[in-house]
Amino acid sequence: MAGRMVCAIALGIPVLASLAYLGLSGAPFVYIASNGLALVVALAATAFLRVRLSDRKCRILAVLLLLSLYVPLLTGPHVNGIARWLALGPVALHAGALALPALIVLAARDDDYAPPILLAALLAASLQPDAATGLAVMLAAVGLYNATRDWRLVPVAGIAFLASIIAGLRGELPAQPFVERVLVDLALQQPLAALGLGASLIAAFLLFAHALPAEMRVRHALAGSLFGFSLAATVSNYPSVLIGYGAAPIIGYGLALALADHTPSG
């Protein structure tokens, strides 16, 4: 029960802070409702979903998640040659934010195939192009290296860094209010509000890195991915995961936390 509570708190702190920000800043109600519903789904996953898979099934799931990163390249929508969204009827979800967190958990637990899994995800991010997912892969590799000292992760992080720079030059779109560059824009208007919202994201990062009921390699890799997504939103026009409008990262990290949780059942 304690482990599930930590997962809920780690996810709930930034998302609840985001809901307050959206409400007080006059965001469209559909943004607030969408994030609120996504939080309910994510918290339900952390509370009730327990995934215990064999190594073979974990690798099958990793392949399926990787394929989901490539789907937008085939199906669109395409905006100025950029395709990084999964179209589900009237809703478009950011593929990297939805699939990468759970994929990071699976990669962190796979001693043999962690580097190839991360490189395959990076290739999808480069083709989309999506510098945010690329930076998330890079810092997940850094976090995983910090926990395992696996030298193979060093070139992965280096390649991801270069690929993210190239993707950032090719794949920037105009920033959308309440979605991209949330902290940067808010800091210019309401510095104290930006400080509070940023603190909620830092709290989530620290809980991911040090308090989740999972192995250190999983905690550090997952925290690294959150850092990467957040860094992209700070330096360029990319979604502010967990603190801006967007259901994909909320659901994505909710599923990842459920997958990461090794709290004994019962």
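Me: Contact here means heavy atoms within 4.5 Å. Leaving aside its neighbours within four places in sequence, which residues is phenylalanine 208 in contact with?
Reply: Happy to start there, keeping in mind that this is a predicted model. Phe208 is one of the buried residues of α9, and what covers the buried residues of that helix includes α1 (2-24), α8 (182-189), α10 (216-235) and α11. Setting aside neighbours within four places in sequence, the contacts of phenylalanine 208 are Ala10, Arg219, Leu222, Ala223, Leu226, Tyr253 and Leu257.

Me: Which residues touch the most other members of the largest nonpolar core?
Reply: This core has 81 residues, and α4 gives the most to it, with twelve residues. One name is already familiar, since Phe208 is among the buried residues of α9. The members that touch the most others are Leu103, Phe208 and Leu222.

Me: How far apart are the end C-alpha atoms of helix α9?
Reply: Helix α9 covers residues 191-210, which makes 20 residues. The expected span is 1.5 Å times one less than the number of residues, so for α9 it comes to 28 Å. The model agrees with that, as the end C-alpha atoms of α9 are separated by 28 Å.

Me: How many of the residues of α10 are buried?
Reply: α10 reaches 28 Å from its first C-alpha to its last, close to the 28 Å expected at 1.5 Å a residue. Buried means under 20% relative accessible area. By that cut-off α10 is mostly covered, and of its 20 residues the buried number is 14.

Me: Which residues of α5 are buried?
Reply: α5 has 14 residues, and its end C-alpha atoms are 20 Å apart, in agreement with the expected span. The cover over its buried residues includes α3, α4 (95-108), α6 and α7. An α-helix has 3.6 residues a turn, so residues three or four places apart point the same way. The buried residues of α5 are Ala114, Pro115, Ile117, Leu118, Ala121, Leu122, Ala124 and Ala125.

Me: Why does proline 115 count as buried?
Reply: Proline 115 lies in helix α5, and it touches Arg152, Leu153 and Val156, not counting residues up to four places away in sequence. The C-alpha atoms of proline 115 and arginine 152 are 6.6 Å apart, although 37 residues separate them along the chain. Buried means under 20% relative accessible area, so proline 115 qualifies with a relative accessibility of 7%.

Me: Is alanine 131 buried or exposed?
Reply: Alanine 131 lies in helix α6. Beyond its neighbours within four places in sequence, it is in contact with Ser164, Ala167, Gly168 and Tyr238. Its relative accessible area is 6%, and the cut-off is under 20%, so alanine 131 is buried.

Me: What is omega for the peptide bond that joins glutamine 128 and proline 129?
Reply: Proline 129 is found in the loop between α5 (114-127) and α6 (131-148). The bond from glutamine 128 is cis, with omega about -20°.

Me: Where does proline 77 lie?
Reply: The peptide bond from glycine 76 to proline 77 is cis, with omega near 5°. As for its place in the chain, proline 77 is in the loop between α3 (55-75) and β1 (85-88).

Me: Is arginine 149 buried or exposed?
Reply: Arginine 149 sits in the loop between α6 and α7 (153-170), and its phi is near 60°, a positive value in a residue other than glycine. Its relative accessible area is 51%. The cut-off for exposed is over 50%, so arginine 149 is exposed.

Me: What is phi of arginine 181?
Reply: Arginine 181 lies in the loop between α7 and α8. Its phi is positive in a residue other than glycine, with a value near 50°.

Me: Which element gives the most to the lining of the largest pocket?
Reply: The largest pocket has a volume of about 570 Å³. Of the 25 residues that line it, the closest to its centre are Trp85, Ala92, His94, Val179 and Glu180. The elements giving two or more residues to the lining are α2 (29-48), β2 (91-94) and α11 (247-260). With four residues, the one that gives the most is β2.

Me: How many nonpolar residues does the lining of the largest pocket have?
Reply: By class, the lining includes seven polar and two charged residues. The number of nonpolar residues is 16.

Methods
Residues numbered from 1 in each chain as written. Predicted model: local features only at pLDDT ≥ 70, side-chain atom pairs only at ≥ 80, totals over all residues. Heavy atoms only, no water. 1 Å grid on protein atoms, 1.4 Å probe; cavity = no way out; pocket = protein on both sides within 12 Å on 5 of 7 lines; lining within 4 Å. Points joined across faces, edges and corners; volume = space filled by probe spheres on them. Nonpolar A, V, L, I, M, F, W, Y, C, P; charged D, E, K, R; others polar. Buried < 20%, exposed > 50% of the residue type's maximum accessible area, 1.4 Å probe, protein only. Core = buried A, V, L, I, M, F, W, Y, C linked by side-chain atoms within 4.5 Å.
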